[in-house]
Amino acid sequence: MLSLRSVTVRYGAYTAVHEVDLDVERGACVAIIGPSGAGKSSLLLAIDRMHEADPTTRVHGTITLDGQDLSTLDARSVRRRVGLLFQQPAPFPLSIRENLAFPLRAHGVSRAALPTRIEAALRQAALWDEVAHRLDGPASSLSGGQQQRLCLARALALEPDVLLLDEPCASLDPASTMRVED
């Protein structure tokens, strides 16, 4: 399903990732481990094509999803199929509801389908019971663990083929970590 061939990531003259080959089958859960600075995050950013925002970054090699070279797709299509959750929560400066509705609308989900998709994603992220009564409140009012689960729900709402998690529990308390891991 997801295949990397000779993937190299360079930031200027610095090589963060060198010729990685990896195959991940549908439904598999894969952990990439290594010391700080080993290139784990750089590899995830390359898969999601986030490197394109930095003109000094170069990615070489081939990354395919279901046989389709991700470099041949527009970035929006890639990010619809590949969800990415960062180490630090980054909710949009919007309401809880709009944090999920905004990307759903941007990817063509009908207005009628929004409530169902939003609730389903919040339930998947174990957040629905905590926020159902205040969906129009600001996402910034949530705790750090709740914000991270909101970002997880935002990624899940698009029903991606691949979900990349870049140390999503690194700064969370044990209770929040358990909810994200579940």
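This is a walk through a predicted model, from its helices to two threonines in a strand and one loop residue.

Start with helix H3, which covers residues 96-106. Its buried residues are Ile96, Asn99, Leu100, Ala101, Pro103 and Leu104. An α-helix has 3.6 residues a turn, so residues three or four places apart point the same way. Keep that spacing in mind when reading the buried positions of H3, among them Ile96, Leu100 and Leu104. What lies over the buried residues of H3? The cover includes H4, H5 and H6.

Take H6 as the first partner. Helix H6 spans residues 144-157, and its axis comes within 9 Å of the axis of H3. The two axes cross at roughly 25 degrees. That angle is under 35 degrees, so H3 counts as roughly parallel to H6. Their crossing is right-handed. On the H3 side, the residues in this contact are Ile96, Asn99, Leu100, Pro103 and Leu104. They meet Leu150, Ala153, Arg154 and Ala157 of H6. By class, the contact of H3 with H6 holds seven nonpolar residues, one polar and one charged.

Now turn to H4. Helices H3 and H4 pack with their axes 10 Å apart, at an angle of about 120 degrees. H3 and H4 are therefore oblique to each other. This crossing, too, is right-handed. H3 brings Arg97, Leu100, Ala101, Leu104 and Arg105 to the contact. H4 brings Leu114, Arg117, Ile118, Ala121 and Leu122. Between H3 and H4, seven of the contact residues are nonpolar, none is polar and three are charged.

The remaining pair is H4 and H6. Their axes lie 8 Å apart and make an angle of about 130 degrees. That makes H4 oblique to H6. The crossing of H4 and H6 is right-handed. Here Arg117, Ala121, Leu122 and Gln124 of H4 meet Leu150, Ala153, Leu156 and Ala157 of H6. The classes in the H4 and H6 contact are six nonpolar, one polar and one charged.

Leu100 is a good place to see these helices together. This residue takes part in the contact of H3 with H6 and in the contact of H3 with H4. Which residues does Leu100 touch, leaving aside neighbours within four places in sequence? They are Ile118, Ala121, Leu122, Leu150, Ala153, Arg154 and Ala157.

Leu100 also belongs to the largest nonpolar core, which has 27 residues. The residues with the most contacts inside that core are Leu100, Leu104, Ile118, Leu122, Val131 and Leu150. Four elements give two or more residues to this core: H3, helix H4 (114-124), helix H5 (128-131) and H6. H6 gives the most, with six residues. Apart from this core lies another, of 21 residues. Among the members of that other core are Val7, Val17, Ile47 and Leu84.

One backbone detail follows H3. Just after the helix, Gly108 takes a positive phi of about 85 degrees.

Next, leave the helices for strand E3, residues 57-65. Two threonines sit there: Thr62 and Thr64. Is Thr64 buried or exposed? Thr64 has 17% relative accessibility, so Thr64 counts as buried. Not counting residues up to four places away in sequence, Thr64 touches Met1, Leu2, Ser3, Asp69 and Leu70.

Thr62 has a relative accessibility of 33% and therefore counts as partly exposed. Its contacts, again leaving aside neighbours within four places in sequence, are Ser3, Leu4, Arg5, Val7 and Asp69. Ser3 and Asp69 are therefore touched by Thr62 as well as by Thr64. Val7 ties Thr62 to another part of this tour: Thr62 touches Val7, and Val7 is a member of the 21-residue core. Thr62 and Thr8 are 54 residues apart in sequence, yet 9.3 Å apart in space, C-alpha to C-alpha.

End at a loop. Glu25 lies between strand E2 (14-24) and helix H1 (40-47). With a relative accessible area of 56%, Glu25 is exposed. How far is Glu25 from Ala106? The two are 81 residues apart in sequence and 28 Å apart in space, C-alpha to C-alpha.

Key. Residues numbered from 1 in each chain as written. Predicted model: local features only at pLDDT ≥ 70, side-chain atom pairs only at ≥ 80, totals over all residues. Heavy atoms only, no water. Axes fitted to C-alpha atoms, helices over the stretch in contact; angles between N-to-C directions. Parallel < 35°, antiparallel > 145°, perpendicular 65-115°, else oblique. Left-handed = near helix turned anticlockwise from the far one by under 90°. Contact = heavy atoms within 4.5 Å. Nonpolar A, V, L, I, M, F, W, Y, C, P; charged D, E, K, R; others polar. Core = buried A, V, L, I, M, F, W, Y, C linked by side-chain atoms within 4.5 Å. Buried < 20%, exposed > 50% of the residue type's maximum accessible area, 1.4 Å probe, protein only.
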